[in-house]
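Work through these exercises with the sequence and the 3D view side by side. Try each task before you read its solution.

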Amino acid sequence: MQVSKSNKLANVCYDIRGPVLKHAKRLEEEGHRILKLNIGNPAPFGFEAPDEILQDVIRNLPTAQGYSDSKGLFSARKAVMQYYQQKQVEGIGVEDIYLGNGVSELIVMALQALLNNNDEVLIPAPDYPLWTASVSLSGGKPVHYLCDEQANWWPDLDDIKSKISSNTKALVLINPNNPTGAVYPKEILEGMIELARQHNLVLFSDEIYDKILYEDAKHISTASLAPDVLCLTFNGLSKSYRVAGFRSGWIAISGPKHKAHSYIEGLDILASMRLCANVPSQHAIQTALGGYQSVNDLILPGGRLLEQRNRAWELLNDIPGISCVKPMGALYAFPRIDPKSCPIHNDEKFALDLLLSEKLLIVQGTAFNWPWPDHFRVVTLPWIDDLEMAIRRIGNFLQTYRQ
Ligand code: PLP
């Protein structure tokens, strides 16, 4: 008899590492070189972590053998607390900070602690799909609001408003955004906060790319504009400090915590049940946040991330039938394929066909809960030569592709 997966997983999917990746692995085993533009993992592309972080983790290893407090090391949480003071967020104390094994673990924890069956959570479309998957896993119902490609991919406030119901518990925003690269201005943030205020929603603000900003983009922490709204801010070391493998992230809770005793108790229970986050990686946090911010060297003029983003954006827009909004932050581009020039009915099949023909791995837009099969995501992490080769292959492929 077959052993079946739990019903809890019925609506849970995470297609960034889905079926197309399996085909890519098989091709690699057969000896093909695959150009991988699918995952936002800086290290394999030659982005090294600041040496002081590595040295500090090594130095602290002997004292990192035991469990820590469930919320995390005091010194690391204090560094996070100071970080939010710099970002003008009021009222975050050491006890309001939970360290986790990456933001990923904390997203699941924060939703498991909040949701009852059929509670609704508003999530952007497109989104980073762990949010949708975690709401479903927690028994909740993900409700997607649209981000408007014509308006720099900013959230459509009217669409959010129209989707709020008596079951809505929380509003998720991802800023800077994965997959679109949008960075939200103050007016949009204020509009979203006002909706949360009026409808008593918890704000979940995923700010993991807050230091990866291009040109004149500025990041504003949602919580800095919302002292009267319960807000959980998510961030970590994976991207800005290039140590995704360390699995080091945090939540900082702000706003009227006195109205959320029970929810916070729920978070404490879940934090205790997993004992603590990986302790050696917790040691990286203080050094990272307090040290030299080498990420700035990558995003300022002449910096590798900025140059690659510029080139990828230009080359994508040069392909007939493709248009791409300029990403102002993060590590991705999310171009549109004009259905008139190349109609695509199943974008997962498109991604697979592209892989098989060009040995190039991208992620189809519907994997980010985008409702139409007309977008895909590439990471802008590869060296310019590889990006040029990859985008040229996409252009060539589209010229003859018919589904
Ligand atoms: N949130 C967003 C928007 C992401 O893009 C990612 C990873 O790509 C994560 C969270 C998860 O990051 P972590 O490595 O901290 O688990």
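**Exercise 1: Two prolines in a loop**

Pro 176 sits in the loop between strand S6 (168-174) and helix H7 (186-199). Helices (H or I, at least four residues) and strands (E, at least two) are DSSP runs, numbered from the N terminus. Residues are numbered from 1 along each chain as its sequence is written. This is a predicted model: local features need pLDDT of at least 70, side-chain atom pairs count only at pLDDT 80 or more, and totals for chains, interfaces and linings use all residues.

Task: Which residue does a cis peptide bond join to Pro 176?

Solution.
- Step 1. Go to Pro 176 and find its partner: the cis bond joins Asn 175 and Pro 176.
- Step 2. Read omega for this bond, which is about -10 degrees.
- Step 3. Move on to Pro 179, in the loop between S6 and H7. A cis peptide bond joins Asn 178 and Pro 179, with omega about 15 degrees.

**Exercise 2: Confidence**

Task: What is the mean pLDDT of the protein chain?

Solution.
- Step 1. Recall the scale: pLDDT is the predictor's confidence in each residue, from 0 to 100.
- Step 2. Read the mean for the protein chain, 96. Of its residues, 100% reach 70 or more.
- Step 3. Add the model scores: ipTM is 0.99 and pTM is 0.97.

**Exercise 3: Helix H3**

Task: Which residues of H3 are buried, and where do they lie around the axis?

Solution.
- Step 1. Check the length. H3 covers residues 74-86, so 13 residues at 1.5 Å each should span 18 Å. The rule is 1.5 Å times one less than the number of residues. The end C-alpha atoms are 18 Å apart, which agrees.
- Step 2. List the buried residues of H3: Ala 76, Arg 77, Val 80, Tyr 83 and Tyr 84. Their arc around the axis is only 110 degrees, so they lie on the same side of H3. The arc is that of the directions from the helix axis to the C-beta atoms.
- Step 3. Apply the cut-offs. A residue is buried if 20 or more other C-beta atoms lie within 10 Å of its own, exposed if 12 or fewer, and partly exposed in between; C-beta atoms are placed from the backbone.
- Step 4. Turn to the face away from the buried side. It carries the exposed residues Phe 74, Gln 85 and Gln 86.
- Step 5. Find the packing partners. The buried residues of H3 pack against strand S2 (97-101), strand S9 (248-254) and helix H9 (279-290). Contact means that C-beta atoms, placed from the backbone, lie within 7 Å.
- Step 6. Look just past the helix. Gln 88 has a positive phi of about 60 degrees.

**Exercise 4: Helix H12**

Task: What covers the buried residues of H12?

Solution.
- Step 1. Check the length. The 12 residues of H12 (residues 347-358) should span 16 Å at 1.5 Å a residue, and the end C-alpha atoms are 16 Å apart, which agrees.
- Step 2. Name the buried residues of H12: Asp 347, Phe 350, Ala 351, Leu 354 and Leu 355. Down the axis of H12 they fall within an arc of 135 degrees, so they line one face of the helix.
- Step 3. Find the cover. It includes helix H1 (19-29), strand S13 (360-361), strand S14 (363-364), strand S15 (376-379) and helix H13 (384-400).
- Step 4. Look at what follows H12. Lys 359 has a positive phi, near 60 degrees.

**Exercise 5: Two positive phi values**

Task: Is Asn 118 buried or exposed? Is Ala 330 buried or exposed?

Solution.
- Step 1. Place Asn 118 in the loop between H4 and strand S3 (120-125). Its phi is near 75 degrees.
- Step 2. Count for Asn 118. It has 9 other C-beta atoms within 10 Å, so it is exposed.
- Step 3. Place Ala 330 in the loop between strand S10 (322-323) and strand S11 (332-333). Its phi is near 70 degrees.
- Step 4. Count for Ala 330. It has 30 other C-beta atoms within 10 Å, so it is buried.

**Exercise 6: Around the ligand**

Task: How many residues surround the ligand?

Solution.
- Step 1. Count the residues around the ligand: 13. A residue is near a molecule if its C-beta atom, placed from the backbone, lies within 6 Å of it.
- Step 2. Pick out the closest: Gly 102, Val 103, Ser 104, Tyr 128 and Ser 238.
- Step 3. Find the top contributor. Helix H4 (residues 102-114) gives the most to the shell, with 3 residues.

Conventions. Two residues are in contact if their C-beta atoms, placed from the backbone, lie within 7 Å.
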